[in-house]
Every structure is written in structure tokens, then in C-alpha cells.
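Reader: I would like a close look at one helix of this model and its surroundings, with residue names and values. Please add other parts of the chain where they help to place it.

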Amino acid sequence: MKNILFTGGTGYIGGPILSNLIQRQDPDLNITVLVRSSIKVQQLRSLNLGVNVVAGSHEDAELVERLASEADVVFSLADCDDLPAAEAVLRGLEKRHQTTGTKSVLIHMSGTGCLGDNAKGLFASSTIFTDTDPAQIGSLPATQPHRNVDLAIVEADSRGYLDTYIVVPPGVYGTPQGILADKGIQNATNAAFDALIRASFKRGAAGIVGEGKNITGHVDVTELGDFVVLLYDTVVTNSAAVGHGRQGYFFADNGDIPFSEITKAIEAGVGPRRALTQEELEEALPGRPNVQRFFGDNSRSRAEKARALGWKPLKGAEDFLAALKNQVENWQS
């Protein structure tokens with residue numbers, strides 16, 4: 001039996017991944033889900049989905065460490081900027097290695113915010129990062145968004161007590177699929193795009209940073225989940241087929257577009273664009289400077305390793321923009 005721990009399993013990105021493993025009804029999987037919302041705890045338990053539901057937060061370091069110390073595989077999907085939570089997971093997995101002598105697997109969800117260039121919407125970049133070039137990724141400064149967590153995870157891998165895999169998606173959009181979405185248990189929308197649309201309606205003008213010349217990637221949330229599950233299956237059946245640690249970064253994009261196109265999709269239902277002030281960004285995303293930067297940064301990547309494993313995302317830029325337009329049309333503040 002394989003013991004699997006999920007943090008962020010009922011979130012927007014985590015939901016399709018957890019749903020996939022639940023719907024397999026595999027008797028050899030013992031799935032534990034750490035859930036903060038008391039309502040979601042009750043919902044999950046009442047459905048008898050065959051998972052162990054633990055009430056608590058990924059910010060409870062002692063609890064996270066204990067749960068991780070019992071896991072063969074950890075899906076860390078809750079918050080890519082929470083270093084204390086990541087460190088608690090790593091401590092737990094190190095304890096497991098010390099006790100059992102076996103290496104666990106950590107699959108962590110990061111984001112292309114780490115590629116940002118502080119463009120503030122004023123220019124497009126021709127720089128594209130590929131996951132087949134670990135030296136290029138390794139050249140990113142430790143001060144970049146998400147890098148403090150990513151680097152702690154890679155350093156832990158180098159110490160030999162676990163194998164780490166870091167998935168780096170761009171802007172995630174779309175309607176999640178799976179049993180948790182069907183039951184209304186998981187988050188249904190991307191919080192960053194929600195914040196942008198909410199701020200746009202409040203000010204009566206579509207939000208944009210600078211001139212929106214920066215280029216950002218996109219990926220459908222369910223197709224992103226498909227890749228993470230493919231990565232998991234590959235790791236547990238043939239780990240030699242994929243690198244880990246410094247070699248274990250995986251981009252997960254399906255193209256990129258200028259941010260001005262995102263604004264264009266929003267302004268039809270809100271009002272002509274107007275540049276966001278820093279005060280408006282802070283009001284829309286309080287305490288989230290990394291997400292605020294996302295709206296103005298260039299962050300271009302290519303998911304070469306994911307495709308080499310057999311990932312075949314179908315939804316592109318037209319689907320992305322259509323999803324945003326639909327979200328605006330059906331917006332309820």
C-alpha cells in the first residue's frame with residue numbers, strides 16, 4: 001500500500017489531481033487529505049470517498065511534519081510561497097527516511113512567477129525558459145518569487161532522503177473537472193484572475209499593469225492536473241525515466257500571449273482599460289506581492305519534458321480568452 005498525503009487537495013489546482021486518484025478506487029492507495037475548511041471536512045467525510053480527512057492547516061507545522069513522516073508520496077499544492085509549510089514537509093520526510101531507510105517522493109506546485117522580470121507591463125521579452133535546461137533555471141536569483149521554497153526543496157533532494165519534482169505552471173484558468181468539482185467541494189476559480197476581474201468591475205475599467213506588453217503563459221486547470229498525475233504515475237512506475245532535484249523541474253504551459261489580450265477579454269464586459277495603481281493592486285491582492293507582479297511580468301516557458309512524457313494539452317489561447325470572457329459575463333460580486 002502506498003501512503004499519499006495531499007496539502008491543497010481541495011484547492012483550485014489540487015482538486016482535479018486528488019479527484020483523479022480518488023476515482024481510480026485503487027485499494028493500494030491510502031490517501032490522506034489535510035483540509036482547513038470545516039465545511040469541506042464535513043463534505044468530504046460525508047461522501048465516503050475512501051480518503052482520510054484530517055482537519056487542519058498547512059500552517060500547523062507540527063501536524064504537517066507528522067503527516068509527512070507517514071507518507072510515501074506528498075503532493076504539496078497549497079501555497080508555493082509558504083516556506084515554513086514546505087520546511088515542515090521536508091522535516092517529516094527526513095524523519096521517515098531516518099526511521100525506515102526509504103526515500104519518499106515530493107511533488108510540489110510552484111509557478112512561473114519565478115521567471116518574472118519586473119517589466120511592469122512596459123515591454124515584451126524574447127527570453128523563453130525550457131525545462132530541459134537546468135542551468136538556465138538554476139541561474140534564476142534566489143530573490144525571485146517562489147524561489148526560496150523551490151531552492152529549499154532542491155537542496156533537500158541533494159541530501160538524498162527524498163526525490164523532489166517541481167511543477168511550474170503559468171496562469172491557470174478554466175473549469176475544474178472531477179468528483180470534487182462535481183460535488184462543489186473544491187475551489188472553482190483562480191484567485192488571481194478573480195481578483196483582477198473584481199478590481200476591474202469595482203473601478204469600471206479593465207485592469208492592466210502599464211501597457212500590458214508583457215507576455216504570460218496559460219494552461220487549463222484540468223489539463224494541468226492531467227500532467228501532474230502523469231508525472232506521478234511515471235515516478236512511481238519508472239522513476240529512472242525522469243530526473244529529480246535540480247533536474248526535476250517541469251514547466252506546464254500550452255502557449256503564451258501578451259497580457260493586453262487578457263485585458264481585452266475583460267474590458268468588453270467591464271469598461272475600457274485603465275492602468276492599475278499600486279494601491280489598487282494591493283487592495284485587490286493584499287499581502288500577495290508575488291501575484292501582483294504576475295500581472296505585469298514576462299514569464300515565458302516551454303513544457304518540453306512534460307510533452308516528452310506524453311502530455312498532450314489541447315486547450316490554447318482561444319480557450320483561455322473565451323474562459324475569461326465567460327467568467328466576466330457571469331460575474332457575481
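Author: What follows starts with helix α1 and its partner, then turns to other helices and some single residues. The model is predicted.

Helix α1 spans residues 14-23. Eight of its 10 residues are buried, which leaves the helix mostly covered. The buried ones are G14, G15, P16, I17, L18, S19, L21 and I22. The cover over these residues includes strands β1 (2-7), β2, β4 (73-76) and β5, together with helices α7 and α9. Just after α1, Q25 has a positive phi of about 50°.

Of the elements around α1, helix α9 (residues 221-238) can be described in detail. The two helices pack with their axes 8 Å apart and at an angle of about 55°. Because of that angle, α1 counts as oblique to α9. Their crossing is right-handed. On the α1 side the contact is made by P16, I17, N20 and L21, and on the α9 side by V221, T222, G225, V228, V229 and Y232. By class, these residues divide into seven nonpolar, three polar and no charged. An α-helix has 3.6 residues a turn, so residues three or four places apart point the same way. P16, I17 and L21 belong to this contact and are also among the buried residues of α1.

The start of α9 also meets a loop residue. T175 lies in the loop between β8 (171-173) and α7 (179-182), and it touches V221 and T222 once residues up to four places away in sequence are set aside. T175 and T222 are 47 residues apart along the chain, with 7.5 Å between their C-alpha atoms. T175 nevertheless counts as exposed, because its relative accessibility is 57%. V221 and T222 therefore appear in two contacts, one with T175 and one with α1.

Strand β2, part of the cover of α1, runs over residues 29-35 and contains T32. T32 has a relative accessible area of 14% and is therefore buried, the limit being 20%. Apart from residues up to four places away in sequence, T32 touches I4, L5, F6, N52, V54 and L67.

Further along the chain, N48 sits in the loop between α2 (38-47) and β3 (52-55). Its phi is near 50°, a positive value in a residue other than glycine. With a relative accessible area of 68%, N48 is exposed.

Helix α6 (residues 147-158) gives another covered segment to set beside α1. Its 12 residues reach 16 Å from first C-alpha to last, close to the 16 Å expected at 1.5 Å a residue. The buried residues here are R147, V149, D150, A152, I153, V154, A156 and D157. They pack against α4 (83-100), β5 (104-109), α5 (134-138), β7 (162-168) and β11 (249-251). Strand β5 thus appears in the surroundings of α6 and also in the cover of α1.

Residues with positive phi flank α6. H146 is in the loop between α5 and α6, and its phi is near 75°, positive although the residue is not glycine. H146 is buried, because its relative accessibility is 9%. Just after α6, G160 takes a positive phi of about 90°.

From β5 the chain also leads to D117, which lies in the loop between β5 and β6 (129-130). D117 is partly exposed, with a relative accessible area of 28%. Its contacts beyond four places in sequence are F123, S125, R293, D297 and N298. D117 and F294 are 177 residues apart in sequence, and their C-alpha atoms are 9.8 Å apart in space.

A second helix pair can be set against α1 and α9. The axes of α10 (residues 259-270) and α14 (residues 317-329) come within 9 Å and cross at roughly 25°. That angle is why α10 counts as roughly parallel to α14. The crossing of this pair is right-handed. E261, I262, A265, I266, G269 and V270 in α10 meet F320, L321, L324, K325 and V328 in α14. By class, that contact has eight nonpolar, one polar and two charged residues, whereas the contact of α1 with α9 has no charged residues.

Key
Residues numbered from 1 in each chain as written. Predicted model: local features only at pLDDT ≥ 70, side-chain atom pairs only at ≥ 80, totals over all residues. Heavy atoms only, no water. Axes fitted to C-alpha atoms, helices over the stretch in contact; angles between N-to-C directions. Helix = DSSP H or I, 4+ residues; strand = E, 2+ residues; numbered from the N terminus. Parallel < 35°, antiparallel > 145°, perpendicular 65-115°, else oblique. Left-handed = near helix turned anticlockwise from the far one by under 90°. Contact = heavy atoms within 4.5 Å. Nonpolar A, V, L, I, M, F, W, Y, C, P; charged D, E, K, R; others polar. Expected span 1.5 Å × (residues − 1). Buried < 20%, exposed > 50% of the residue type's maximum accessible area, 1.4 Å probe, protein only.
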